[in-house]
Amino acid sequence: MTTIRLPTAARPFTVLGIDPGVTESADAYRATGGYAAATAPDELLAHLAASGLRGRGGAGFPAAVKLRSVRDRGGAPVVVANGEEGEPGSAKDRWLLRARPHLVLDGLARAAAVTGAVRGYVYLSDPAAGDSVRRALAEHPQALPVEVVETARTYVAGEETAVVRRIDGGPALPAAKPPRPYEKGVGGAPTLVANVETLARIALTAARPDLRRSIAHDTLVTLSGGPAAEPVLTEVPYGVPLRSLAARHGVPDATGALMGGLFGGLVDADALDLPLEPGALAAAGTALGCGAIRFLAPGDCPVAAAADAVGHLAAESAQQCGVCVSGTAAVGNALYALATGTAGPDTTDRLHRWSQTLPGRGACGLLDAAAGLGGSLLRAFPRLVRSHLAAPCPVCAATRPGDGRHRLTVAVPEVAAPSVPSSSFSPSPAPTPVPSRASMPAPSPSPAEPELKGTP
């Protein structure tokens with residue numbers, strides 16, 4: 001079971017909030033400043049740009065740039081809260097929709113006001129999350145028309161063009177690009193597809209722009225791995241060393257990690273001195289991605305971990321790009337051969353070549369992740385790979401690497417219903433208007449932001 005760990009100094013303006021094990025009601029959310037219309041759209045966009053908020057869906061694209069790109073296309077834009085969580089090691093998005101749906105819906109309304117959107121969608125695959133969002137919409141009707149769209153959970157279903165196709169009534173499969181959704185998305189309109197955690201941080205920034213930097217530089221992480229440690233969902237500030245996270249997770253002697261879900265690849269023990277910060281991780285050849293980190297304990301074999309991860313990707317392939325089907329299978333077969341002691345002498349050469357030539361050739365990032373995993377194994381653990389060529393690995397033999405579905409998947413933390421029903425069920429209050437760009441008041445200077453510290 002995945003547990004939730006609050007920062008040592010709990011504070012209300014975090015995504016985890018103060019009671020993450022209970023679904024937040026509309027009354028509770030409004031009591032902490034939610035749905036207030038104080039920060040106007042253009043002012044909010046300026047705060048988001050100044051804060052450096054990056055998207056939390058995996059790519060880490062600057063949120064303000066994405067909002068501005070949709071706004072500047074004109075027309076009648078659409079905004080989408082993307083809660084489809086395909087990474088097996090991540091639980092944050094499903095938890096967020098189950099526990100804090102009003103925070104996401106508030107962020108969606110703010111994004112709509114910034115972009116000029118006329119309708120919105122919440123896109124998800126988790127039935128419990130869908131029920132929670134629908135209850136939240138009934139508690140607090142939105143000025144923006146919002147529809148919940150459900151899909152089957154797959155690795156590729158959350159890719160932004162797959163999101164658009166599914167909302168438009170098609171399959172949740174990636175499409176060729178260009179055009180990208182900000183150019184031509186749902187119904188042909190410019191579309192913002194934003195991760196639900198990103199939208200949550202937009203809502204928090206609108207409520208407390210004076211805390212914009214700490215809001216933008218905190219992030220949800222799902223930690224797993226280790227022989228005894230249960231998976232943990234927590235919120236940490238950028239800059240926390242990976243080694244510190246490993247120790248607090250119960251793996252103080254970690255030998256490496258599988259980073260960013262499956263997209264960040266493998267890193268060795270030396271890389272655990274890196275800070276949890278997107279730029280520093282990217283410079284080191286890895287990624288924060290969706291914030292899922294699986295630590296490797298001394299008894300784990302990185303070759304088996306890589307084989308599991310690529311096996312999972314191969315099983316999740318959309319089967320619509322020939323190069324992805326064949327390329328992911330080839331990488332998976334090579335890693336499986338290494339793990340089972342049947343690899344030939346040219347296996348590492350082929351893995352290295354594929355890591356260089358396959359990325360960018362599929363319609364989505366699945367092939368990139370598979371190729372990157374093979375390449376990261378060679379870079380991070382070259383001596384270990386050579387030992388697997390020389391003789392079978394007893395750890396891999398005991399592990400029986402396969403598609404990794406059970407070993408890599410983490411459960412969503414339990415979320416209870418509110419202990420006191422929200423009074424907004426009967427009757428429902430009028431929707432709180434979010435100021436449009438046309439009715440924006442003059443911005444007022446924000447007080448200096450206090451430096452906030454947090455630990456997982």
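Me: Helices (H or I, at least four residues) and strands (E, at least two) are DSSP runs, numbered from the N terminus. With that in hand, how many helices and strands does the protein have?

Reply: You get 18 helices and 10 strands. Keep in mind that we're looking at a predicted model. Of its 456 residues, 54% count as buried.

Me: And which sequence separations do the contacts bridge?

Reply: Take the contacts between residues at least 6 apart in sequence: 76% of them join residues at least 24 apart.

Me: Now the empty space. How many cavities of 30 Å³ or more turn up in the whole structure?

Reply: A cavity is a space where the probe fits but cannot get out, while a pocket is open. The search finds three cavities of 30 Å³ or more. The volume of the largest one is about 90 Å³.

Me: Which residues lie nearest the centre of that largest cavity?

Reply: Of its 16 lining residues, Phe13, Tyr29, Thr32, Gly34 and Ala207 lie nearest the centre. Two elements, α5 and α8, each give two or more residues to the lining. The largest share comes from α8, with four residues. Sorted by class, the lining has 10 nonpolar, three polar and three charged residues.

Me: What about the largest pocket: what is its volume?

Reply: About 1,300 Å³. It has 47 lining residues, and Gly57, Gly58, Ala59, Glu159 and Glu160 lie nearest its centre. The elements giving two or more residues to this lining are α3 (63-73), β5 (191-195), α8 (196-207) and α15 (366-380). The one that gives the most is α3, with six residues.

Me: How many of those lining residues are charged?

Reply: There are 11 charged residues in the lining, alongside 19 nonpolar and 17 polar ones.

Me: Let's try a single helix. What length does α5 reach?

Reply: The general idea is to set the span against 1.5 Å a residue. Helix α5, residues 101-115, has 15 residues and reaches 21 Å from first C-alpha to last, close to the 21 Å expected. After the helix comes Gly116, with a positive phi near 80°.

Me: Why say that α5 is largely enclosed by the rest of the structure?

Reply: The cut-off to remember is that buried means under 20% relative accessible area. In α5, 15 of the 15 residues are buried, so the helix is largely enclosed by the rest of the structure.

Me: How many residues of α7 are buried?

Reply: Helix α7 (residues 160-167) has six of its eight residues buried, so it too is largely enclosed by the rest of the structure. The buried ones are Glu160, Thr161, Ala162, Val163, Val164 and Ile167. They pack against α3, β2 (78-82), β3 (119-124), β4 (146-150) and β5. Glu160 also showed up among the residues nearest the centre of the largest pocket. Following α7 is Gly169, whose phi is positive, near 100°.

Me: Past α7, which residues does a cis peptide bond join?

Reply: Look at omega. Lys177 and Pro178 are joined by a cis peptide bond, with omega about 5°. The bond from Pro178 to Pro179 is also cis, with omega near 0°. Both prolines sit in the loop between α7 and β5.

Me: Back to helices, what should I know about residues three or four places apart?

Reply: An α-helix has 3.6 residues a turn, so residues three or four places apart point the same way. Now try Ser355, found in helix α14 (residues 347-357). A polar atom of the Ser355 side chain lies 2.7 Å from the backbone oxygen of His352. Ser355 is buried, at 13% relative accessible area. Leaving aside neighbours within four places in sequence, Ser355 is in contact with Ala371 and Gly375.

Me: Last one, positive phi. Is Tyr35 buried or exposed?

Reply: Tyr35 isn't a glycine, yet its phi is positive, about 65°. You'll find Tyr35 in the loop between α1 (26-31) and α2 (41-51), and it is buried, with a relative accessible area of 4%.

Me: And Gln319: buried or exposed?

Reply: Gln319 is exposed, at 53% relative accessibility. Its phi is positive too, about 65°, although it is not a glycine. Gln319 is placed in the loop between α12 (302-316) and α13 (322-340).

Notes
Residues are numbered from 1 along each chain as its sequence is written. This is a predicted model: local features need pLDDT of at least 70, side-chain atom pairs count only at pLDDT 80 or more; totals for chains, interfaces and linings use all residues. Side-chain values use heavy atoms; hydrogens and water are left out. On a 1 Å grid over the protein atoms alone, a cavity is a set of points where a 1.4 Å probe fits but cannot get out, and a pocket is an open set with protein on both sides within 12 Å along at least five of seven lines; lining residues have an atom within 4 Å of a point. Grid points are joined across faces, edges and corners, and a volume is the space filled by probe spheres set on the points. Ala, Val, Leu, Ile, Met, Phe, Trp, Tyr, Cys and Pro count as nonpolar, Asp, Glu, Lys and Arg as charged, and the others, Gly among them, as polar. Buried means under 20% relative accessible area, exposed over 50%, partly exposed in between (1.4 Å probe, protein chains only). A polar contact is a pair of N or O atoms within 3.5 Å; within protein, one must be able to donate a hydrogen and the other to accept it, and residues adjacent in sequence count only if both atoms are side-chain atoms. Contact means heavy atoms within 4.5 Å. The expected span of a helix is 1.5 Å times one less than its number of residues.
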